[in-house]
Amino acid sequence: MGDVKEEIEESCREDEEKRGDRLRAIARRLVAIDLEKGFWAYVGRERDHFLIEGLYCSCSSFALSLTKRAGCEHLSALRVAKRSGAVRELKVDVASVVWEIVSVGLSPTLRKALLEQQMGEDYEKGEGSRYDED
Ligand SMILES: [Zn+2]
């Protein structure tokens, strides 16, 4: 058996060649929650995932891939995001986010922080008023 990190790198590379558009769409839902450590979160429609860059993803297809060749579309998309420089960072309590994702399947802490960041950006663009309505 080869090195897992090399396996993941290889499967990410192949994925990018085969379906770059899909990966770019997934990449837009990725946020770095600790860029230095390589901790990321994927914000899904129903489930969130926790990722360690180039090494791990909490999704079921990553778990299943371990018996064949390690990798999943989230890790591939993360590689795409890093290479394109489209990295979105979010300051959150990493332990809470990881715990919520692993135990409940999605992270209210993460979603709340994302919403607050979005509101801040809109406010700076002069679009804050739509959040002020009761
Ligand atoms: Zn995954």
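Select β1 (30-34) and β2 (39-43) to begin: these strands pair in the antiparallel sense over four bridges, where strands are DSSP runs of E with at least two residues, helices are runs of H or I with at least four, and both are numbered from the N terminus. Pairing of two strands requires at least two DSSP bridges between them. The model is a predicted one, in which local features need pLDDT of at least 70, side-chain atom pairs count only at pLDDT 80 or more, and totals for chains, interfaces and linings use all residues. Residue numbers start from 1 along each chain as its sequence is written.

**The hairpins and the sheet**

Within this first pair, display L30 and its bridge partner in β2, Y42. Four residues lie between β1 and β2 in their hairpin, and G38 in the turn has a positive phi of about 80°.

Next, add β3 (48-52) to the selection. Another hairpin, again through four residues, joins β2 to β3. The pairing of β2 with β3 is antiparallel and extends over five bridges; A41 has F50 of β3 as its bridge partner.

With β4 (56-57) added, the view shows an open sheet of four strands in the order β1-β2-β3-β4, with antiparallel pairing. β1 and β4 are the edge strands, each pairing on one side only. In a regular strand the side chains alternate between the two faces of the sheet.

**A41 and the nonpolar core**

Centre the view on A41. Which residues is A41 in contact with, leaving aside neighbours within four places in sequence? They are V31, I33, D48, H49, F50, L51, V97, S107 and L110, a contact being two C-beta atoms, placed from the backbone, within 7 Å.

A41 also belongs to the largest nonpolar core, which has 29 residues; L30, W40, A41, L51 and A77 have the most contacts inside it. Such a core is a set of buried Ala, Val, Leu, Ile, Met, Phe, Trp, Tyr and Cys residues joined through C-beta atoms within 7 Å. At least two residues of this core come from each of α1, β1, β2, β3, α3, α4 (94-104) and α5 (108-124).

**Helix α3**

Select α3 (73-84). This helix of 12 residues reaches 16 Å from its first C-alpha to its last, close to the expected 16 Å; the expected span is 1.5 Å times one less than the number of residues. Nine of the 12 residues are buried, namely E73, H74, L75, S76, A77, L78, R79, V80 and A81. A residue counts as buried with 20 or more other C-beta atoms within 10 Å of its own, as exposed with 12 or fewer, and as partly exposed in between, with C-beta atoms placed from the backbone. The buried residues of α3 pack against α1, β1, β2, β3 and β4. After α3 comes G85, with a positive phi near 80°.

**Helix α1 and its kink**

Turn to α1 (residues 4-27): it has 24 residues, yet its end C-alpha atoms are only 22 Å apart, short of the 34 Å that a straight helix would reach. Colour R19, on which a kink of about 105° in α1 is centred; the bend at a residue is the angle between axes fitted to the seven residues ending there and the seven starting there.

The buried residues of α1 are I8, S11, C12, D15, L23, I26 and A27. Their cover includes β1 and α3.

Why is C12 classed as buried? C12 has 21 other C-beta atoms within 10 Å. Not counting residues up to four places away in sequence, C12 touches G71, L75, S76 and R79. A distance drawn from C12 to A70 gives 9.5 Å, C-alpha to C-alpha, across 58 residues of sequence.

**The whole chain**

Finally, show the full protein chain, which has six helices and four strands, running α-β-β-β-β-α-α-α-α-α from the N terminus on. Its C-alpha atoms fill a box of roughly 55 × 30 × 25 Å along the principal axes. Of the 134 residues, 31% are buried. Among contacts with a separation of 6 or more, 58% are between residues 24 or more positions apart.

Colour the chain by pLDDT, the predictor's confidence in each residue, from 0 to 100. The average is 90, and 93% of the residues score at least 70. Confidence is highest in β3, at 98, and lowest in helix α6 (residues 129-132), at a mean of 51.
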